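Here is a request that a careful reader might make of any structural model: for each label attached to a residue or an element, set out the value behind the label and the cut-off that the value has to meet.

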Amino acid sequence: MSGDDDAPAWGPARRVLAAEVAEQVLLHGRSRIAVGTELGLSRFQVARLLDAARERGLVRVAIDPGGDVDAARSAAVRAAYGLRRALVARDDDTHPDGGGVPALAAALLAETVGTGDVLGLAWSRTVNDVVGLLPRLARCTVVQLCGAYSLPWRRDGSATAVFRAAALCGGDAYPVYAPLLLPDADTARAVRAQPGVADALARCAALDTAVVGIGAWRAGHSTVHDVLTAPERRRLAEGGAVGEVVGLLVDRTGRVLDSGPAHQLVAAGEADLRAAGDVIALVRDPERADATRAVLRSGLVHTLVCDAATADALRVAGDGRHPPTATTS
């Protein structure tokens, strides 16, 4: 075989040659020089055959990151909000066994949490689901990011998730046995100073990974909203509250509000989240898109894991993330 790359004909012999070159270089990872030597071709002829193979459809590139993640939506959301990463799960309706966002987030934690890391878990139904689906977890310290949800009919809490994760990885657990929101700032300070609570919150200053939910400022969508009085809810709404993360309230511009519950929380603070290596926010409700957009603008979140409907809602009205805004006093 002559290997004359300048021949105009594109017949079966040339197609087979181009296919063999493409297979050896692209599929088996061999060098162009080695393949050329074996077939009696120069490396320039090998390069031209590769180009011709692509142009004429002998080589087709298929990119498939897996059936659990929507690559196009993930890339679009990441770019729109300047995130480190965004992972958009395939439709949750196809995962009646608890897949979708929780399964994707569980796989992410198994991939990214390292031995000796400090992993913080906030309270949310989705965070609890994530822990229940963890396939594995490197040995790490697991800390509760906030106190317990304060409504009497709630029986699940972040302490349960903390103990489950710690048991899975064999690491130490630091639960917070206190309410999330206390009646006043003085009481909150006193509770935060208690030995067990103080130990947990001290580790929040050295978070490698924090997993949080995003709440919207309306009934049934926030860990803080429903435990306040109606006048307090209205006052905070009039002050701009739209979204919530670990009890911190955020307005539409991404500003973290330094008022009301901010001083009554038993939780990791804004500074803790900003210093964390990776804050992973979980959302699987398009009704929380406005709240999610506000939290993403705050700069508190590095990674978003959400469902397709939420991703689409974010992209429809998303205008990118605003620069992080410092807490006002």
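What follows is a set of questions and answers about this predicted model.

Q: What makes up the chain in terms of helices and strands, and what share of its residues is buried?
A: The secondary structure comes to 13 helices and ten strands, and buried residues make up 49% of the 329 residues in the chain. Of the contacts with a separation of 6 or more, 68% are accounted for by residues 24 or more positions apart.

Q: Why is valine 246 called buried?
A: Valine 246 has a relative accessible area of 5%, and buried means under 20%, so the value meets the cut-off and valine 246 counts as buried. The residue is found in the loop between β7 (243-245) and β8 (248-250).

Q: What is notable about the phi of valine 246?
A: The phi of valine 246 is positive, about 50 degrees, although the residue is not a glycine. As a general background, most residues other than glycine have a negative phi. A positive phi is also found just after α12, where glycine 299 takes a value of about 80 degrees.

Q: Which residues is valine 246 in contact with, leaving aside its neighbours within four places in sequence?
A: Valine 246 is in contact with Ala122, Leu145, Cys146, Val212, Leu265, Ala267, Ala268 and Leu273, where a contact requires heavy atoms within 4.5 Å.

Q: Which residues have the most contacts inside the largest nonpolar core, and how many residues does that core have?
A: The largest nonpolar core has 62 residues, and those with the most contacts inside it are Val77, Leu145, Leu207, Val212, Val246, Val266 and Leu304. Its largest share, five residues, comes from helix α12 (residues 289-298). Apart from this core lies another, of 28 residues, among them Leu87, Val113, Leu121 and Leu282.

Q: How do you know that α12 is mostly covered?
A: Nine of the ten residues of α12 are buried, namely Ala289, Ala291, Thr292, Arg293, Ala294, Val295, Leu296, Arg297 and Ser298.

Q: Where is leucine 87 placed, and which residues does it contact beyond four places in sequence?
A: Leucine 87 is placed in strand β1 (residues 85-89). Its contacts, with neighbours within four places left aside, are Val69, Ser74, Leu104, Leu108, Leu304, Val305 and Cys306. Leucine 87 and valine 77 are ten residues apart in sequence, with their C-alpha atoms 8.5 Å apart in space.

Q: How do you know that cysteine 146 is in no disulfide?
A: A search of the whole structure finds zero disulfides. For cysteine 146, the nearest cysteine sulfur is that of cysteine 204, 8.9 Å away, whereas a disulfide requires sulfur atoms within 2.5 Å, so the pair does not meet the definition.

Q: Are cysteine 146 and cysteine 306 buried or exposed?
A: Cysteine 146 has a relative accessible area of 4% and cysteine 306 has one of 1%; buried means under 20%, and therefore both residues are called buried.

Q: Why is leucine 39 called partly exposed?
A: Leucine 39 has 22% relative accessibility, and partly exposed is the class in between under 20% and over 50%, so leucine 39 belongs to that class. Leucine 39 lies in helix α2 (residues 32-39) and, not counting residues up to four places away in sequence, touches Leu17, Glu20 and Val21. Of these, glutamate 20 is 19 residues away in sequence and 9.5 Å away in space, C-alpha to C-alpha.

Q: What makes alanine 205 exposed?
A: Alanine 205 has a relative accessible area of 51%, and exposed means over 50%, so the residue meets the cut-off. Alanine 205 lies in the loop between α9 (195-203) and β5 (209-213).

Q: What is the volume of the second largest pocket, and which classes of residue line it?
A: The second largest pocket has a volume of about 160 Å³. Of the 13 residues that line this pocket, the closest to its centre are Leu248, Ala262, Leu265, Gly269 and Glu270. By class, the lining has seven nonpolar, three polar and three charged residues.

Technical notes:
Residues are numbered from 1 along each chain as its sequence is written. This is a predicted model: local features need pLDDT of at least 70, side-chain atom pairs count only at pLDDT 80 or more; totals for chains, interfaces and linings use all residues. Side-chain values use heavy atoms; hydrogens and water are left out. A nonpolar core is a set of buried Ala, Val, Leu, Ile, Met, Phe, Trp, Tyr and Cys residues joined through side-chain atoms within 4.5 Å. Buried means under 20% relative accessible area, exposed over 50%, partly exposed in between (1.4 Å probe, protein chains only). Helices (H or I, at least four residues) and strands (E, at least two) are DSSP runs, numbered from the N terminus. On a 1 Å grid over the protein atoms alone, a cavity is a set of points where a 1.4 Å probe fits but cannot get out, and a pocket is an open set with protein on both sides within 12 Å along at least five of seven lines; lining residues have an atom within 4 Å of a point. Grid points are joined across faces, edges and corners, and a volume is the space filled by probe spheres set on the points. Ala, Val, Leu, Ile, Met, Phe, Trp, Tyr, Cys and Pro count as nonpolar, Asp, Glu, Lys and Arg as charged, and the others, Gly among them, as polar.
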